[in-house]
Amino acid sequence: MSLRVAILISGGGSNMVSLVDSMTGDHPARPVLVLSNNTDAGGLAKAAARGIKTSVVDHRPYKGDRKAFETELNATLDEVAPDIICHAGFMRILTEQYLDHWQGKMINIHPSLLPKYPGLNTHARALQAGDTMAGCTVHEVTAELDAGPMLGQAQVPVMTDDTPETLATRVLKAEHQLYPAVLRRFAVHEYAPIHMNIV
Ligand code: GRF
């Protein structure tokens with residue numbers, strides 16, 4: 001039987017699409033839910049167009065009460081009993097309530113070569129530092145932000161005329177290659193990090 005994958009998004013969902021589109025044929029997993037904290041997330045329509053169940057757990061009514069938000073998040077995910085949860089541009093800080101419930105099942109993509117630049121504005125920070133290589137990382141999700149064990153990294157060159165936007169576009173293309181490759185390995189318990197160089 002296929003492993004069940006839930007994908008959490010907050011925005012356009014291009015990584016979600018790359019994951020969903022990879023789970024065909026002899027892939028050991030299938031997408032069972034795309035969940036967003038944001039009703040306006042563009043990725044919801046993309047998931048629905050692919051015939052995937054979608055849910056929204058809006059964080060706004062729970063302002064100041066992360067526990068109640070995560071209770072609802074856990075309950076919504078419990079309904080589809082995911083074996084793996086892919087965080088794909090899911091822009092919420094999560095606490096033990098969620099993290100303990102799904103321990104060992106969560107992976108995340110981050111648009112930097114971690115441990116460099118956890119958090120936001122990764123591309124501007126890479127340019128500011130004069131880095132010649134940038135990229136993205138898929139890692140297990142743990143309590144520390146953007147810091148769980150690394151499962152894979154893809155590097156891209158930084159061009160001399162890059163802006164944060166042009167660099168983000170190049171890194172995002174790399175994300176679309178890296179994340180499906182890591183998910184496929186994670187599904188069969190292959191945790192040794194993979195490395196890609198994308199030119
Ligand atoms: C990606 O760059 C991801 O690494 C970051 O947020 C962005 C989400 O893009 N965490 P998308 O919604 O997958 O298009």
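1. Two helices contribute to the ligand site in this predicted model. Helix 1 (14-22) and helix 6 (164-187) each provide at least two residues of the shell around the ligand. The shell also draws on both domains: at least three of its residues come from domain 1 (1-103), and at least three from domain 2 (109-199).

2. Which residues surround the ligand? They are Gly12, Gly13, Ser14, Asn15, Gly89, Ile109, Pro111, Leu172 and Glu175. By type, the shell divides into five polar residues, three nonpolar and one charged. Glycine is counted as polar here.

3. Oxygen atoms of the ligand lie at short listed distances from three of these residues, Gly13, Ser14 and Glu175. At Gly13, the partner is a polar backbone atom, 2.8 Å from a ligand oxygen. At Ser14, an N or O atom of the side chain is 2.5 Å from an oxygen of the ligand. At Glu175, the corresponding distance from a side-chain N or O atom to a ligand oxygen is 2.7 Å. The protein covers 78% of the 370 Å² of accessible area that the ligand has on its own.

4. Where does the ligand sit? The ligand is placed in the largest pocket.

5. The loop between strand 5 (106-110) and helix 5 (122-128) contains Pro115. The peptide bond that joins Leu114 and Pro115 is cis, with omega about 15°. Most peptide bonds are trans, so a cis bond is worth a look.

6. Tyr117 is also placed in the loop between strand 5 and helix 5. Its phi is near 55°, a positive value in a residue other than glycine. Most residues other than glycine have a negative phi. A reader checking this loop can therefore start from the backbone angles given for Pro115 and Tyr117.

Conventions
Residues numbered from 1 in each chain as written. Predicted model: local features only at pLDDT ≥ 70, side-chain atom pairs only at ≥ 80, totals over all residues. Heavy atoms only, no water. Near = heavy atom within 4 Å. Polar contact = N/O pair within 3.5 Å; in protein donor to acceptor, adjacent residues only side chain to side chain. Areas by Shrake-Rupley, 256 points an atom, 1.4 Å probe, with all protein chains shown as cover. 1 Å grid on protein atoms, 1.4 Å probe; cavity = no way out; pocket = protein on both sides within 12 Å on 5 of 7 lines; lining within 4 Å. Sits in = over half its atoms within 2 Å of the grid points. Helix = DSSP H or I, 4+ residues; strand = E, 2+ residues; numbered from the N terminus. Domains from an automatic or database assignment.
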